[in-house]
Structures are given as C-alpha cells and as structure tokens.
Amino acid sequence: RRGRGEVVRRCLATGYFSNVLRLMNDGQYYTIPVTGAGGDTRNGRRQKVKLNSQCILHGYSSPEYLFFDQTYDGTEGDIEARYCSAVELRWLEEQIPEQIWK
C-alpha cells in the first residue's frame, strides 16, 4: 500500500517530468533531455543544476533521481534548484514509458 507522500511525489514527478534531475558519476545533478517521437531529444543537452543550500535534500542524501519546482541563477553563476523531492526511476518509467530516463 502506498503512503500519501509517495502518491503525491508520483503525481508531481509525472507532471514535472521535464524537471527531473539525475545524479551523475561526477556527483552533480543534471537535467534529462526530453525525448520526442522516435527517440529524438528536444532540448538536446544536459544542464547542471545545483541544489540550493536551503533545499531539504542538500547535504543529507543524494537520491539518484529527483524533481525540482523552482530554479534561479545562483550567486556563483550556476543554476540552483530550491524546491526538490526524491523520486524513483520506476515511477517515471511507469508513467512516461516513451521517455528515455538514463
């Protein structure tokens, strides 16, 4: 049985699927290019996004996938995400199977 928090995060991840970040081998989060028809990517490249120091996940855990709600230009010229939540790859694959998530 799914808890209320999981249900809400599943819904948000589905609605914000273009705002999903993936933790890469260098320890940084990057956007995932949105896949169009035939596997072509619409935005083409990954963009590095840092977690804001006020983000609840900053410094505590590093989930492989998360989604963000708001970004802004950080003080060091980086893009930073303020509101984030962990999501699971299987949720994304179930809800949006045509997207390439890796």
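Which residue in β3 is the bridge partner of Tyr 30? The bridge partner is Lys 48. This pair belongs to a predicted model, in which 7 strands form an open sheet with mixed pairing. The points below go through the sheet, its strand pairs, a helix that lies across two of the strands, and the cysteines.

**The sheet as a whole**

- The strands follow the order β5-β6-β3-β2-β1-β4-β7.
- Strands β5 (71–73) and β7 (84–87) are the edge strands, as each of them pairs on one side only.
- On average, neighbouring strands in this sheet are turned by 40 degrees against each other, with direction ignored.

**Strand β3 and its two neighbours**

- Strand β3 covers residues 48–51.
- One face of β3 is covered and holds Val 49 and Leu 51, whereas the uncovered face holds Lys 48 and Lys 50.
- Strand β2 (residues 29–31) runs antiparallel to β3, and 2 bridges join them.
- Strand β6 (residues 79–81) runs parallel to β3, again with 2 bridges between the two strands.
- Lys 50 has Glu 80 in β6 as its bridge partner.
- Both lysines of the uncovered face therefore appear in bridge pairs: Lys 48 with Tyr 30, and Lys 50 with Glu 80.**Strands β1 and β4**

- Strand β1 spans residues 20–23 and strand β4 spans residues 65–68.
- These two strands pair in the antiparallel sense, over 3 bridges.
- Within this pairing, Arg 22 stands opposite Tyr 65 in β4.

**Helix α1 and Arg 10**

- Helix α1 is made of residues 4–15 and lies across β4 and β7.
- The helix runs at about 100 degrees to β7, which is one of the edge strands.
- Arg 10 is a residue of helix α1.
- Arg 10 counts as buried because its relative accessibility is 8%, and buried means under 20%.
- Leaving aside residues up to four places away in sequence, Arg 10 touches Arg 2, Arg 90, Trp 91 and Glu 94.

**Cysteines**

- A disulfide is a covalent bond between the sulfur atoms of two cysteines.
- A search of the whole structure finds 0 disulfides.
- Cys 11 has a relative accessibility of 54%, so this residue counts as exposed, the cut-off being over 50%.
- Cys 84 has a relative accessible area of 12% and is therefore buried, given that buried means under 20%.

How values were computed:
Residues numbered from 1 in each chain as written. Predicted model: local features only at pLDDT ≥ 70, side-chain atom pairs only at ≥ 80, totals over all residues. Heavy atoms only, no water. Disulfide = S-S within 2.5 Å. Buried < 20%, exposed > 50% of the residue type's maximum accessible area, 1.4 Å probe, protein only. Pairing = 2+ DSSP bridges. Helix = DSSP H or I, 4+ residues; strand = E, 2+ residues; numbered from the N terminus. Axes fitted to C-alpha atoms, helices over the stretch in contact; angles between N-to-C directions. Contact = heavy atoms within 4.5 Å.
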